[in-house]
Amino acid sequence: MVDRRSFVKQSGLLLSGALLPLNGYSMSILEKYKFKMGLQLFTIRDAMEKDPVGSLKKVASLGYQDLETYGYDVDKGTYYGYKASDFKAIIDDLGLSASSGHYGFSDYFDKPEDQLKKYVDQCIVGAHALDKSYITWPWLAPEQRTIEKFKQLTGKLNRIGEQVNKAGLGFAYHNHNFEFTDHNGENGYDIILNETDPNLVKLQLDLYWVKHSSKLSPEELIAKQPDRFVMWHIKDMDKVTKDYSELGNGSIDYNSMLTNIDQSGLKFYYLEQGGNFAVNSMQSITDSAAYFKKHLQKYL
């Protein structure tokens with residue numbers, strides 16, 4: 001059994017000298033901002049597959065302080081191939097935290113409730129291992145996007161929320177575009193907003209997808225139930241194709257949005273880019289971090 005520092009040294013990643021913050025921020029700079037600058041690791045999924053720890057070292061050096069994970073293996077209890085306790089040691093020594101995680105709930109949508117409940121318990125174990133604040137339902141498979149399925153979903157969300165809350169964690173739902181599809185005057189997002197318990201089910205608002213597909217702006221959506229919107233995903237939109245883009249290269253006016261949006265419920269945010277990289281994923285998180293720190297972090 002190796003201690004935490006030895007584990008990271010053996011990975012060849014600890015800076016020589018001391019465990020100083022690798023992101024280059026002094027404490028005085030960190031104290032200027034209300035929230036940590038977060039990254040959804042799905043953005044660099046290719047790099048995380050090849051070299052998880054080296055990629056995280058780069059993430060920290062760019063000024064990111066907080067992470068949202070994906071891909072927890074409940075059977076092995078691993079994140080990115082590392083036992084959860086070892087992965088916690090790695091991010092601790094890089095000065096990073098992990099406040100939320102996306103878990104594969106969609107795979108259990110049509111399975112018996114006892115299997116879903118067991119899976120939630122396994123996710124809770126993984127979340128506690130990283131000292132997370134939230135467990136997030138991130139996606140619905142295409143066949144799960146009908147109005148009837150959304151109505152079924154709300155019951156599942158309430159039950160999972162109760163189970164997760166009892167374990168001392170928060171639970172949230174993350175949107176894409178399909179929640180805003182009109183079905184004869186109804187849409188999935190309104191059903192989720194109106195038919196889930198606000199105390200059990202919080203919301204992680206993807207600002208890009210709202211701008212892309214909703215009739216309402218992010219400001220208008222959040223104004224409906226401000227306390228529920230505890231997390232945001234921040235990413236930009238290509239000016240021509242409406243695909244993803246590096247922050248500052250796209251069409252979304254975040255200066256205006258972040259000046260006017262209600263932040264009263266916000267706890268965490270994560271920069272993200274799902275694809276369409278100008279060069280590659282690591283260069284994109286570099287460019288987005290630089291733009292965000294210069295132009296947008298002052299609002300958060």
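**Exercise 1. The surroundings of Val-210**

Work out which residues Val-210 touches, leaving out those up to four places away in sequence.

*Solution.* Start with the list: Val-210 touches Asn-175, Phe-180, Leu-205, Leu-216, Ser-217, Pro-218 and Leu-221. This is a predicted model, by the way, so keep that in mind throughout. Next, place the residue: Val-210 sits in helix α9, residues 207-213. Then check its accessibility. The cut-off for buried is under 20% relative accessible area, and Val-210 has 1%, so it counts as buried. Finally, look along the chain: Asn-177 is 33 residues away from Val-210 in sequence, yet their C-alpha atoms are 7.1 Å apart.

**Exercise 2. Checking helix α6**

Find out whether the end-to-end distance of α6 agrees or disagrees with the span expected at 1.5 Å a residue, and then sort out where its buried residues point.

*Solution.* Take the length first. Helix α6 covers residues 113-129, which is 17 residues, so it should span 24 Å; the C-alpha atoms at its ends are 25 Å apart, and that agrees.

Now the faces. Buried in α6 are Leu-116, Tyr-119, Val-120, Cys-123, Ile-124, Gly-126 and Ala-127. Looking down the helix axis, these fall within an arc of 165 degrees, so they line one face of α6. The general rule behind this kind of pattern is that an α-helix has 3.6 residues a turn, so residues three or four places apart point the same way. On the face turned away from the buried side you'll find the exposed residues Asp-114, Lys-118 and Val-125.

What sits on top of the buried residues? The cover includes β3 (78-79), β6 (134-137) and α7 (147-166). One last detail: after α6 comes Asp-131, with a positive phi near 55 degrees.

**Exercise 3. Two helix pairs**

Decide which term, oblique or roughly parallel, fits α6 with α7 and which fits α7 with α8.

*Solution.* Two numbers do the job here: packed helices are described by the angle between their axes and the distance between the axes.

Step one, α6 and α7. Their axes are 10 Å apart and the packing angle is about 40 degrees. Angles under 35 degrees count as roughly parallel, so this pair misses that class, and α6 and α7 are oblique to each other. The crossing of α6 past α7 is right-handed. Glu-113, Leu-116, Lys-117, Val-120, Asp-121 and Ile-124 make the contact from the α6 side, meeting Lys-156, Arg-159, Ile-160, Gln-163 and Val-164 of α7.

Step two, α7 and α8 (residues 188-195). Here the angle is about 30 degrees, with 9 Å between the axes. That makes α7 roughly parallel to α8. Again the crossing is right-handed as α7 passes α8. Among the α7 residues in the contact are Phe-150, Leu-153 and Leu-157, while α8 supplies Gly-188, Ile-191, Ile-192 and Glu-195.

**Exercise 4. Two positive phi values**

For Tyr-80 and Asn-184, say which is buried and which is exposed.

*Solution.* The background is that most residues other than glycine have a negative phi. Tyr-80, not a glycine, has a positive phi of about 55 degrees, and Asn-184 has one near 55 degrees. Both are in loops: Tyr-80 between β3 and β4 (82-83), Asn-184 between β7 (170-174) and α8. Accessibility settles the matter: Tyr-80, with a relative accessible area of 15%, is buried, whereas Asn-184, at 81%, counts as exposed.

Technical notes
Residues are numbered from 1 along each chain as its sequence is written. This is a predicted model: local features need pLDDT of at least 70, side-chain atom pairs count only at pLDDT 80 or more; totals for chains, interfaces and linings use all residues. Side-chain values use heavy atoms; hydrogens and water are left out. Helices (H or I, at least four residues) and strands (E, at least two) are DSSP runs, numbered from the N terminus. The expected span of a helix is 1.5 Å times one less than its number of residues. Buried means under 20% relative accessible area, exposed over 50%, partly exposed in between (1.4 Å probe, protein chains only). The arc is that of the directions from the helix axis to the C-beta atoms. Contact means heavy atoms within 4.5 Å. Axes are lines fitted to C-alpha atoms, for helices over the stretch in contact, and angles run from 0 to 180 degrees between N-to-C directions. Angles under 35 degrees count as roughly parallel, over 145 as roughly antiparallel, 65 to 115 as roughly perpendicular and the rest as oblique. A crossing is left-handed if the near helix is turned anticlockwise from the far one by less than a right angle, and right-handed if clockwise.
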